[in-house]
Each structure stands twice: as C-alpha cells, then as structure tokens.
Amino acid sequence: MFVHGGLGSLWNPYPQLDAFEGPHELVTYALAGNGNSTMRQEQSLSGHVADLLNLLDELGITNPIIHGHSYGTALAIEYAKRHPTAGLVLHAGGDHDLTPAGEKPLLRLFLALRLYKIPANDALIRQLAYSVGFHEETPSVVVEDFLQSNPLPHRRSAWTTVTEAFWGYDGRPDIERVDAPTLVIHGPADGIVPIEVARGTARRIPESVFCRLQRTGHVAMIERPNAYNSLLEALIKTVREDRDLEMTVRESVDENGSEVSEVR
C-alpha cells in the first residue's frame, strides 16, 4: 500500500509500481481532496487514517505492508499504531519535524492568492525541486520526468490537507506501539526533512532499520530505484519468511552492491 505525501500523487512511486507489478499485490491511491478522490469535510490526520482503514477493508486487505513517503510517513505511522500491519516503509519522513522552515509562508501565499490554480511547472517549482528535493548528481532527465509525471495539484483541498492535517505533526508519543518490521530510508541531500529526524524515528521504533541511500535527496525511490527496490524486497522477504530485518537488509546490500552507505 503506497501512501503519498503532501501535494503528491498516487503516481509518485511509479518506478516501484512498474518493478513490482505481477509478483505482488499493489495499491496506490490519492488522499482525500487530492487527485480524483472526493474531499472530506474536515482535513485531519485521524480522518486520513480512517480513510486508509476503510479502503483496505473495502479491498479485503489485512495486515498490509504500508509505504509512506514524506508527509505520508505520518499517516503510515499513525495507522500502524492502531491497526495490524505486516511491515512499514518510511521514506523521506519520520515521526516529527516534517515541515521545512520555508514551507508555511510559501503555502500560505499560494492559498491566499490562489496560485495553485496556475500551471505549476514554472521556474520557482523547478528551482525548489533541484535545490531541496534531489541530489546534485541526479540527472536532470530524472528530475524533469518526475516533475512532468507528478505536477502539483490545482485543487485547494490538496493544499489544505497539508496545512490542516500534517503541519505540527508529532508522532513520538506511543511510537513504541508500532510493532511491525520497519524500514526507514533517507537520502543525505534531503533538503525538506533532516536526516536526523529519520535516524531518531528508527531508534524509537522497536523493530526498525535505518538505511542511508547515498546520492539521493527527498525522492530516493525515483533517484536510485534499483537500490531502493532491493531494500523493499528485503522487507518483503523479512515479512514472508519471518526473518530478522537488519540481517536481511545487510544480505541484500552485500549481494546487490547497493548504494546504501549506512545500515543501523
């Protein structure tokens, strides 16, 4: 189950949807108010958790592996605290401090002036993507493909999801209730969520492993998909074979020559 972040889309993990199609049952969806999903009257994190639970019930899925990206990690964590979860992937996020300093004034400006209605593939968005979203060595063709495949939303509700449901999130209370094997993946060039947030999150979750995927930023799943996917396969193997997560991750890194520079 793939859960996108704020201003993201259900297509954000397109390399994973392509790589894992067939062997695994995959679900990706747009949060309420995003994409073609209907809008909820109240934009709250608990409401989004309830939406995810209802969707899984409708599909007949129990004990899912949930992949949360950016603000989507908050939703994944809160779901796993309360409902049976086979495994968890937290990428480019964590249990607190998910909002960069410059985001609040920027989003308030976009909402006040309704700039979200204007096509977003302009110089400002592109500059932000290159400066804080991607590693400097990531080829421009990869960045441009991501921007074209995942344009910013034009619905106001997608923007208020961020301001009303995710700003101020602190999931550290009761974080020990997350008892599923958890893979925390972060890039050293992430200019949105500090890497120490991810490391701290991994330390607080009982059965978790932190992986630093070198030469990546906020979207490692796009920048280094092969290495990223090998980590996901390690988590799936851990769940299916009831193995130790850290040992399985280290075996994967050794076998695949992965670009993971830190496992702890």
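Okay, let's start in the middle of things, with helix α8: its buried residues are I195, V197, A198, R199, G200, T201 and A202. This is a predicted model, by the way, so please hear everything as coming from a prediction. That makes seven buried residues out of the 10 in α8, which runs over residues 195–204, and the helix counts as mostly covered. And what sits over those buried residues of α8? The cover includes one helix, α3 (72–82), along with the strands β4 (87–91), β5 (182–186), β6 (208–213) and β7 (260–263).

Let me zoom out to the whole chain. We've got 11 helices and seven strands here. The radius of gyration is 17 Å, and the globule rule gives 18 Å for 264 residues, so the chain is as compact as a globular protein of that length. If you lay the C-alpha trace along its principal axes, you get spans of about 50 × 40 × 35 Å. How much of the chain is buried? Of the 264 residues, 55% are. On contacts, take the ones with a separation of 6 or more: 72% of those join residues 24 or more positions apart. As for the outside, the accessible surface is about 12,000 Å², and carbon and sulfur atoms own 50% of that.

Now, empty space. Rolling a probe the size of a water molecule over the atoms is how you see where there's room left.

The largest pocket first. It holds about 950 Å³ of space, and 39 residues line it. If you want to find its centre on the screen, click on G6, L7, L128, L152 and I192, which are the lining residues nearest to it. Which helices should you look at around this pocket? Four of them, α4 (103–113), α5 (123–133), α6 (140–149) and α7 (156–166), each put at least two residues into the lining. Of the elements involved, α5 has the largest share, with six residues. For those of you thinking about chemistry, the lining of this largest pocket splits into 23 nonpolar residues, 13 polar and three charged.

Then the second largest pocket, with about 490 Å³ of space. This one has 22 lining residues, and M1, H24, E25, L26 and I65 are nearest its centre. Two elements give two or more residues to that lining: strand β3 (65–69) and helix α10 (225–241). Which of them gives the most? That's α10, with five residues. By class, the second largest pocket is lined by 16 nonpolar, four polar and two charged residues.

Last stop, the inside. How many cavities of 30 Å³ or more does the structure hold? Just one, and there's about 40 Å³ of space in it. Its lining is F2, V3, H4, N12, P13, T28, H67, H69 and M221. Strands β1 (2–3) and β3 are the elements that give two or more residues there. So β3 turns up again, having also supplied residues to the second largest pocket. The cavity lining has four nonpolar residues, five polar ones and no charged ones.

To pull that together: there's a mostly covered α8, a largest pocket with α5 as its top contributor, a second largest pocket where α10 gives the most, and one cavity with β1 and β3 in its lining. That's my bit. Who's next?

Notes
Residues are numbered from 1 along each chain as its sequence is written. This is a predicted model: local features need pLDDT of at least 70, side-chain atom pairs count only at pLDDT 80 or more; totals for chains, interfaces and linings use all residues. Side-chain values use heavy atoms; hydrogens and water are left out. On a 1 Å grid over the protein atoms alone, a cavity is a set of points where a 1.4 Å probe fits but cannot get out, and a pocket is an open set with protein on both sides within 12 Å along at least five of seven lines; lining residues have an atom within 4 Å of a point. Grid points are joined across faces, edges and corners, and a volume is the space filled by probe spheres set on the points. Helices (H or I, at least four residues) and strands (E, at least two) are DSSP runs, numbered from the N terminus. Ala, Val, Leu, Ile, Met, Phe, Trp, Tyr, Cys and Pro count as nonpolar, Asp, Glu, Lys and Arg as charged, and the others, Gly among them, as polar. The radius of gyration is taken over C-alpha atoms; the globule rule is 2.2 Å times the number of residues to the power 0.38. Buried means under 20% relative accessible area, exposed over 50%, partly exposed in between (1.4 Å probe, protein chains only). Contact means heavy atoms within 4.5 Å. Accessible areas come from the Shrake-Rupley method with a 1.4 Å probe; for residues, only the protein chains shown count as cover.
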